[in-house]
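User: I'm new to reading protein structures and would like a close look at one sheet, please. Could you also show me what surrounds it?

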Amino acid sequence: MSEGTLYDTVWERHKVTELPNGQDQLFVGLHLVHEVTSPQAFSMLRERGMDVAFPDRTFATTDHIVPTEDDKRDRPLADDQAETMLSALERNVEESGITFFGLDSGKQGITHVVAPELGLSQPGMTVACGDSHTSTHGAFGSIGVGIGTSQIRDVFATGCIAAEKQKVRRIEVTGSLGEGVYPKDVVLRIIQQLGVDGGVGHVYEYGGPVMREMDMEGRLAVCNMSIEGGARAGYVNPDETTYEYLRGREYVPEGEAFEQRKAYWESVASDDDATYDDVVTVDMDGVDPLVTWGVNPGQVVEVTEPIPAPDSFEAESDRTAARKAYDHMGHEPGDTMEGYDVDVAFLGTCTNGRVSDFEQAAAVLEGRSVASDVRALAVPGSQTVKQRCEERGIDETFIEAGFQWREAGCSMCLAMNDDSLVGDETCASSSNRNFVGRQGSEDGRTVLMSPAMVAAAAVTGEVTDVRRLDPPARAESGGEGEGEVAD
Amino acid sequence: MAEDQHITEVGGTGVPIPGDDIDTDQILPARFLKEVTFRNMADYLFFDARRDDDGAFNDHPLNRYEGASVAVVNKNFGCGSSREHAPQAMMRWGIDGVVGESFAEIFRDNCKSLGIPAVTADEETVTALQEWVREHPDGEVGIDVEDSVVRYGDHVVDVDIDSAMREALVDGIWDTTALMYSNLSKVEATASDLPYVEQ
């Protein structure tokens, strides 16, 4: 059993009591709410005549169903169901006294992008949201868990969830990240190594030199996909990187109060001699850019390496999963992902929809153009991200390259709005799930990768090793121009 | 009201839903989450997997084992999205209990919230049960929550049930809202000790 870890400490600080069935009643310090999983919970609450117990610890925004085209966000929304959901949320938060970051707030966006950037997510908190990617907030050294709608009702009514402690696995990420390798590659590597169900029953503590060096937006991307490895929560111990990120953000105290708060943050970090249930090392030395080749986020391969043959897997279940993936993706033995045709490039989501993600992609797009047969969408994770990007002129890089520069939302990660794959289109995606049908078409194909790799795929129209991209067209244009003159 | 219900045993005919890592996007595709109630969810259960390209029902198990009460699944069932719509749809379709090799945690929690026992057994046991259900589509499969066994035909096999889930179902305390609501004053005390909660 673990001892002295951040998980143990934060759990103890938030434990209210033990319930008769052996679970702990755990106080939720930050409850994030969105339009899709909450309306039924509000209804259940009303049926019981109960109120939201801690409205001040509850914050709502709208992300899943909102259109991302600027001219489609006027109310009422064209999609009746979406309008009904959004109206229900607005009515519910109004009645309950919950702060709401709506479409005209300037702060709307994906819950897991908004809460970190406003300084709502802080070290030593428990965070819950009716969304499995709540693990994201672990980047601050908090315990973030995704919950179902009945549990949302629990949190509304009592400020608590009923939960049992999990095992703590320390994941030591060693080595260093090579050229073209990003935090997204780190988490894809972890899931590849430990499996999509490797984390069931565990919380992941990410540490080691790679995590220490990583900035907050990178840590958010890694923790975000903990759930893709089966771990409901994943976290990084808070350090100076964390504290400096938080300083000056809207919901973070200032001056002396900041120092006091920081003392609490420092107090929750895992002890140097903490005991873990197990420790796993993931070495990033020599790892090339990674992409998924199949239909679950553990089916990962280096972009230039051959896709593993179904028969190469030891377990029959892995062989079956690989055959299913080959069938859906249309692979032949010996194929590599490099050169795999791409129809759509999608940049955004709670995994990679932050300013640094757009910066990394923009660096690739500078002076290049999106391939003529590729539909390319850049969807900022929040209105704040969009504004920051525009202040830096990043939007122009995207627009000049041929990307559509959209409004904030979950968009094509799960296609609950108009942003969807059509037929058997293939999407180079910075999102988190490559499940069959996930991006809105049953025959659609998703290839997960880092933002820089999405940009590279957009330019070439196929999965491409970003390190091998030809020099920008602009640099070559002189030569081409001369050729034309000679003709 | 449902919160008082003791669930010691569920049963009926079975439906094998084979495959590892069946995610909640398969169980309940995202485009059907745009309703503000769970009322119609049964209609959308495995919507895409159950249909051919022309929209006609295919030979998916749910189309062949109509009226089943116990789903028999494999590893990491219910992974991915936290949407409670998935077990809600199963429950509303008629599923009262699930036997599997393993479950994703949020899915299992959602089952507990709905009073659906989700019990586990090893691969061999689960595969044998799936095979038996195929051979005996009208045969009775019973999940005994109290004794942690599954009964079918002449077989009685041991299964694992998470102790918290077992206690909650057997004692009829799986409605955690009611349970935790009675501790509200303690909750306030815990919250007031946290430096980040405004007094």
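**A sheet and its surroundings**

Analyst: Let's start with the whole chain: of the 487 residues in chain A, 59% are buried. Keep in mind that this is a predicted model. Chain A holds 17 helices and 19 strands. Its radius of gyration is 22 Å, close to the 23 Å that the globule rule gives for 487 residues, so chain A is as compact as a globular protein of that length. Measure out the C-alpha trace along its principal axes and you get about 80 × 50 × 45 Å. As for contacts in chain A with a separation of 6 or more, 77% of them link residues 24 or more positions apart.

Now for the sheet. Five strands of chain A make an open sheet, and reading across gives E5-E4-E3-E6-E7, with parallel pairing. Strand E5 (99-101) and strand E7 (143-146) of chain A sit at the edges with a single partner strand each, so one side of each has no neighbour in the sheet. On average, neighbouring strands here are turned by 20 degrees against each other, ignoring direction. In general, strands of a sheet pair through backbone hydrogen bonds, either parallel or antiparallel.

Zoom in on one pair. Strand E3 (residues 30-33) and strand E6 (residues 126-129) of chain A run parallel, and three bridges join them. Want one bridge to find on screen? Look for A:Leu32, whose bridge partner in E6(A) is A:Cys129.

What lies around the sheet? The domain assignment splits chain A into domain 1 (6-278) and domain 2 (291-473). Taken over C-alpha atoms, the centres of these two domains of chain A are 24 Å apart. Where they meet, 38 residues of domain 1 are in contact with 35 residues of domain 2, both in chain A. On the domain 1 side, the elements giving two or more residues are helix H4 (111-117), helix H6 (183-194) and helix H8 (216-224) of chain A. The largest share of that side is from H6(A), with five residues. By class, the domain 1 side has 14 nonpolar, twelve polar and twelve charged residues.

Finally, there's a neighbour: 63 residues of chain A are in contact with 53 residues of chain B. Helix H5 (residues 149-158) of chain A gives the largest share of the chain A side, seven residues. That side of chain A divides into 25 nonpolar, 25 polar and 13 charged residues.

Notes. Residues numbered from 1 in each chain as written. Chains lettered and ligands numbered in written order. Predicted model: local features only at pLDDT ≥ 70, side-chain atom pairs only at ≥ 80, totals over all residues. Helix = DSSP H or I, 4+ residues; strand = E, 2+ residues; numbered from the N terminus. Rg over C-alpha atoms; globule rule 2.2 N^0.38 Å. Buried ≥ 20, exposed ≤ 12 C-beta atoms within 10 Å, placed from the backbone. Contact = placed C-beta atoms within 7 Å. Pairing = 2+ DSSP bridges. Axes fitted to C-alpha atoms, helices over the stretch in contact; angles between N-to-C directions. Nonpolar A, V, L, I, M, F, W, Y, C, P; charged D, E, K, R; others polar. Domains from an automatic or database assignment.
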